[in-house]
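Subject: Structure handover

Hello,

Here is the structure I said I would pass on. My notes on it follow below.

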Amino acid sequence: LHPRFLMLHNFNPLFGFGWRACVTAVSIAITDILMTIFFKFLGSNAYSFSRVLAMLVSSLFAVLFFGLHISPIFAAGATLVAVS
C-alpha cells in the first residue's frame, strides 16, 4: 500500500462506503439470519416454496406498480422454477 493512501483514510475500514452500501450489507445479513431461522423451523421444502412464491409476488408487483412487462423468457424460466 502506498503511504499516502494509508494516511488518507486513517485506517478506517469503512472508508469509501456510503450509507447505501452499509444499509445493503446490513439487509443482506438480516436476510441470511432469517433464512437460517426459516430452514431450522420449516425445512428446505418450505423454503423452496417460499422462494417461488416470492418470485411470483415480486413479478406481480413489478407489473402492477411499475408498469413492467413480463417477457416470454422470464415466464418460461419462472414456470420451470415453479414446477421444479
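I begin with one residue and work outwards. Ile70 has a relative accessible area of 44%, so it counts as partly exposed. The loop between helix 3 and helix 4 is where Ile70 sits. Please keep in mind throughout that this is a predicted model.

Ile70 and its surroundings

Leaving aside residues up to four places away in sequence, Ile70 touches Ser59, Val63 and Ala75. Ser59 is eleven residues from Ile70 along the chain, and their C-alpha atoms are separated by 7.8 Å. Ser59 belongs to helix 3. With a relative accessibility of 14%, Ser59 falls under the 20% cut-off and therefore counts as buried. With the same exclusion of residues up to four places away in sequence, Ser59 touches Ile70 and Phe74.

The chain as a whole

The chain has four helices and zero strands. Read from the N terminus, the order of elements is α-α-α-α. There are 84 residues in the chain, of which 8% count as buried. The exposed area of the chain is about 7400 Å², and carbon and sulfur atoms supply 75% of that area.

Helix 3

The buried residues in helix 3 are Tyr47, Val52, Met55, Ser59 and Ala62. What covers them? The cover of the buried residues of helix 3 includes helix 2 and helix 4 (72-83).

I also checked the length of helix 3. It has 23 residues, which at 1.5 Å a residue should span 33 Å; the end C-alpha atoms of helix 3 are 32 Å apart, so the two values agree. Just after helix 3 comes Gly67, with a positive phi of about 70°.

Arg51 is another residue of helix 3. Its relative accessibility is 51%, so Arg51 counts as exposed. In sequence, Arg51 and Ala82 are 31 residues apart; in space, their C-alpha atoms are 9.2 Å apart.

Helix 2 and its contact with helix 3

The length check also works for helix 2 (residues 19-42): its 24 residues should span 34 Å at 1.5 Å a residue, and its end C-alpha atoms are 34 Å apart, which agrees. Gly43 follows helix 2 and has a positive phi, near 95°.

How do helix 2 and helix 3 (residues 44-66) pack, and at what angle? The angle is about 130°, and the axes of the two helices are 7 Å apart. That angle makes helix 2 oblique to helix 3. On the helix 2 side of the contact are Met35, Phe38, Phe39 and Leu42, which meet Ser44, Ala46, Tyr47 and Ser50 in helix 3. Sorted by class, this contact has six nonpolar, two polar and no charged residues.

Phe39, one of the helix 2 residues in this contact, has a relative accessibility of 35% and so counts as partly exposed. Not counting residues up to four places away in sequence, Phe39 touches Ser44 and Tyr47. Tyr47 is among the buried residues of helix 3.

In short

For your records: four helices and zero strands, an oblique packing of helix 2 on helix 3, and a set of buried residues in helix 3 with cover that includes helix 2 and helix 4. Ile70, in the loop between helix 3 and helix 4, touches the buried residue Ser59.

Regards

Definitions and conventions: Residues are numbered from 1 along each chain as its sequence is written. This is a predicted model: local features need pLDDT of at least 70, side-chain atom pairs count only at pLDDT 80 or more; totals for chains, interfaces and linings use all residues. Side-chain values use heavy atoms; hydrogens and water are left out. The expected span of a helix is 1.5 Å times one less than its number of residues. Axes are lines fitted to C-alpha atoms, for helices over the stretch in contact, and angles run from 0 to 180 degrees between N-to-C directions. Angles under 35 degrees count as roughly parallel, over 145 as roughly antiparallel, 65 to 115 as roughly perpendicular and the rest as oblique. Contact means heavy atoms within 4.5 Å. Ala, Val, Leu, Ile, Met, Phe, Trp, Tyr, Cys and Pro count as nonpolar, Asp, Glu, Lys and Arg as charged, and the others, Gly among them, as polar. Buried means under 20% relative accessible area, exposed over 50%, partly exposed in between (1.4 Å probe, protein chains only). Accessible areas come from the Shrake-Rupley method with a 1.4 Å probe; for residues, only the protein chains shown count as cover.
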